[in-house]
Amino acid sequence: MENDVAPDREKLHPPTMNWSNIARDFEPGGGLRDIYILGGSLPVWDAVWTLLIADADLLEFSIDGERAAAPGDLREIFGRSSSHGFLATYKLGGMALNCHFFGLDEVEFDLDPRDVVSAIDAKLLEDFLARMGRVTRQEVILTPENHRESVIARYDPHIDRVTWSRDS
């Protein structure tokens with residue numbers, strides 16, 4: 001799977017967004033932005049988790065709000081009682097992408113739109129969507145909080161590209 005995220009491959013596509021077109025998607029309005037990897041399953045989670053823990057310096061993990069060591073095997077999380085709250089926070093530039101473990105069928109991150117303040121931040125986010133989509137071979141969408149139908153950006157694995165709704 002490492003071939004799916006090789007840096008040279010990411011250089012094939014220039015940024016697909018125009019910051020002036022998409023900046024308003026990150027204006028604070030009381031809600032977060034969600035990233036969903038569609039088609040969740042244990043293999044999809046494993047691919048995501050492998051990518052996240054590869055950058056251990058960028059990952060913080062907590063159980064019920066207490067910092068803990070990130071498990072190597074996700075079965076340790078999904079095998080526990082649902083009464084525990086698990087959170088993995090991945091640092092991406094100045095952004096904190098919070099990974100929630102709601103269930104095997106849903107891979108979800110959220111982020112504060114106030115952390116996306118420039119084209120550089122948007123490009124980092126675009127690259128993250130593409131990396132997640134490549135390692136999982138799934139569609140990845142960025143939306144306003146809890147609004148899957150209002151897609152801001154979408155990674156399509158069939159064309160290996162992120163498309164921004166306001167740039168379409």
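**Exercise 1. Confidence**

What pLDDT does the chain average, and what share of the residues score at least 70?

*Solution.* This is a predicted model, in which local features need pLDDT of at least 70, side-chain atom pairs count only at pLDDT 80 or more, and totals for chains, interfaces and linings use all residues. Residues are numbered from 1 along each chain as its sequence is written, and side-chain values use heavy atoms, with hydrogens and water left out.

Step 1. The chain averages a pLDDT (the predictor's confidence in each residue, from 0 to 100) of 88, and 89% of the residues score at least 70.

Step 2. Confidence is highest in β8, at a mean of 97, and lowest in helix α1 (residues 7–10), at 41. Helices (H or I, at least four residues) and strands (E, at least two) are DSSP runs, numbered from the N terminus.

Step 3. Over residues 1–12, pLDDT stays under 50. Where pLDDT is low, the predicted coordinates should not be read in detail.

**Exercise 2. The sheet**

Determine the strand order and the edge strands of the open sheet.

*Solution.* Step 1. The order of the 9 strands is β3-β2-β4-β5-β6-β1-β7-β8-β9, with antiparallel pairing; two strands pair if DSSP finds at least two bridges between them.

Step 2. β3 (66–68) and β9 (161–164) each pair on one side only and are the edge strands.

Step 3. β5 is joined to β6 (residues 106–111) by 4 bridges. Within β6, Glu 108 is the bridge partner of His 100.

**Exercise 3. The second largest pocket**

Describe the volume and lining of the second largest pocket.

*Solution.* Step 1. On a 1 Å grid over the protein atoms alone, a pocket is an open set of points where a 1.4 Å probe fits, with protein on both sides within 12 Å along at least five of seven lines; lining residues have an atom within 4 Å of a point.

Step 2. The second largest pocket holds about 170 Å³ of space, a volume being the space filled by probe spheres set on the points. Its lining has 10 residues, and those closest to the centre are Ser 82, His 84, Phe 86, Phe 101 and Phe 102.

Step 3. β5 gives the largest share of this lining, 3 residues.

Definitions and conventions: Contact = heavy atoms within 4.5 Å.
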